Amino acid sequence: MMFYVNMPNFATVKESTAKKDIRALTKDQLRDFFVSEGEKAFRGNQDYEWLWQKSAHHFEDMTNLSLSLRQKLEENFSINHIKVDHQQRSKDGTIKNAVKLHDNFIVESVMIPVQSRTTACVSSQVGCSLDCKFCATAKLKRMRNLNPDEIYDQVVAIDKQSKLYNNRPLSNIVFMGMGEPLMNYNNVLKSIDKITSPEGLNMSPKRITVSTSGVPKMIKKLADDQVKFNLAISLHSARQEVRSQIMPFNEKFTLEALKESLVYWYEKTKKRVTYEYIVWKGINDTQQDIEALIHFCKAIPCKVNIIEYNPIDEDQFVQANDKAVANYMTQLEAHGITATLRHSRGKDIDAACGQLANKS
Ligand code: SAH
């Protein structure tokens with residue numbers, strides 16, 4: 001299998017970076033720009049509304065601004081909006097978007113309709129700097145972080161798709177696409193600010209989940225920043241030596257440090273976390289693995305999502321059989337730990353967890 005990231009065309013990069021991305025400006029900075037051009041500050045508010053709430057892609061669409069003002073904006077700024085380059089629809093209704101960025105890099109995002117809800121799975125980086133052995137995205141080197149507007153645009157695009165295909169707006173967002181959100185901390189938080197703001201999409205933070213492989217320092221920072229969204233940890237093993245084999249960064253960001261950061265998180269936020277966990281044959285399917293997980297779960301209130309493994313052409317990883325999974329479920333429940341079995345969606349189009357790798 002080939003994994004690649006589309007390399008940008010450097011002529012385009014030069015052209016598009018010549019002007020400043022207008023959505024990198026705060027509302028105050030935008031107002032200041034208008035004032036410096038001899039305009040009233042409230043024109044900045046109008047422009048801000050076009051850029052975020054109305055998601056305008058072109059200055060010419062901002063019809064309550066005069067033609068000369070629109071031209072002035074055009075001369076000074078660019079709107080680095082994303083473009084859904086390519087769509088694949090699964091037989092279960094899931095849609096995978098190949099999203100082209102202004103500098104021609106491609107990331108993927110997924111629309112997942114489940115009963116009465118629609119979930120957007122969004123990317124936070126081009127590629128990923130972590131090296132989880134079972135994840136297709138890990139084969140792509142991290143090329144760059146996404147900007148807040150590029151994350152926001154993925155959500156807007158999926159909201160439109162949900163209205164079009166499911167007759168309802170988007171209801172939930174998970175940061176489970178490409179990349180490690182906590183290694184692009186500021187931009188991820190800025191994007192969530194816009195998604196939850198009445199000046200943006202006005203969505204509840206309770207409907208947003210950020211998933212991380214576990215960067216202890218950043219989990220503590222989330223707690224200090226008193227974030228209101230949900231936190232999920234891709235745990236997959238509660239045994240230091242086993243986890244280090246399948247997620248090598250675990251040697252540096254140890255389970256002990258992870259646990260300590262989660263205790264800190266819970267003390268500060270009083271929010272329980274979700275652990276994502278795959279059971280593999282011969283890797284983490286023994287009684288010792290189950291007991292280690294139960295012990296880990298006792299640290300703070302939590303729930304466990306046992307997720308299905310989506311094969312990515314790595315022979316060493318094989319989904320454990322139903323009996324092994326049931327063994328986990330019963331023992332977790334016997335210890336009062338909520339455990340749910342999650343089935344993957346969009347597998348036929350490589351849109352399921354861990355399969356995002358710009359294959360098409
Ligand atoms: N880096 C973050 C965000 C990516 S989320 C994180 O690790 O949490 C992607 C989720 O899919 C993670 O829970 C990851 O562990 C899981 N995953 C990765 N590869 C997978 C695969 N092949 N099958 C099923 N889940 C996988």
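In what kind of crossing, left-handed or right-handed, does H10 pass H11?

**View 1. The crossing of helices H10 and H11 in a predicted model.** In this predicted model, H10 passes H11 in a right-handed crossing, which answers the question above. Helix H10 covers residues 287-297 and helix H11 covers residues 322-334, and the two pack at an angle of about 35°, with 10 Å between their axes.

**View 2. The residues that make the contact between H10 and H11.** On the side of H10, the contact is made by Gln-287, Asp-289, Ile-290, Leu-293 and Ile-294, while H11 contributes Asn-327, Tyr-328, Gln-331 and Leu-332. Sorted by the character of their side chains, the residues of this contact divide into five nonpolar, three polar and one charged.

**View 3. The shell of residues around the ligand.** There are 22 residues around the ligand, and those that come nearest are Ser-211, Ser-213, Ser-234, His-236 and Asn-310. The residues of this shell divide into 10 nonpolar, nine polar and three charged.

**View 4. Oxygen atoms of the ligand beside Thr-212, Ser-213 and Ser-234.** In the side chain of Ser-234, an N or O atom is 2.6 Å from an oxygen atom of the ligand, and in the side chain of Ser-213 an N or O atom is 2.8 Å from an oxygen atom of the ligand. For Thr-212 it is a backbone N or O atom that lies 3.3 Å from an oxygen atom of the ligand. On its own the ligand has 540 Å² of accessible area, and the protein covers 96% of that area.

Conventions. Residues numbered from 1 in each chain as written. Predicted model: local features only at pLDDT ≥ 70, side-chain atom pairs only at ≥ 80, totals over all residues. Heavy atoms only, no water. Near = heavy atom within 4 Å. Polar contact = N/O pair within 3.5 Å; in protein donor to acceptor, adjacent residues only side chain to side chain. Areas by Shrake-Rupley, 256 points an atom, 1.4 Å probe, with all protein chains shown as cover. Nonpolar A, V, L, I, M, F, W, Y, C, P; charged D, E, K, R; others polar. Axes fitted to C-alpha atoms, helices over the stretch in contact; angles between N-to-C directions. Helix = DSSP H or I, 4+ residues; strand = E, 2+ residues; numbered from the N terminus. Left-handed = near helix turned anticlockwise from the far one by under 90°. Contact = heavy atoms within 4.5 Å.
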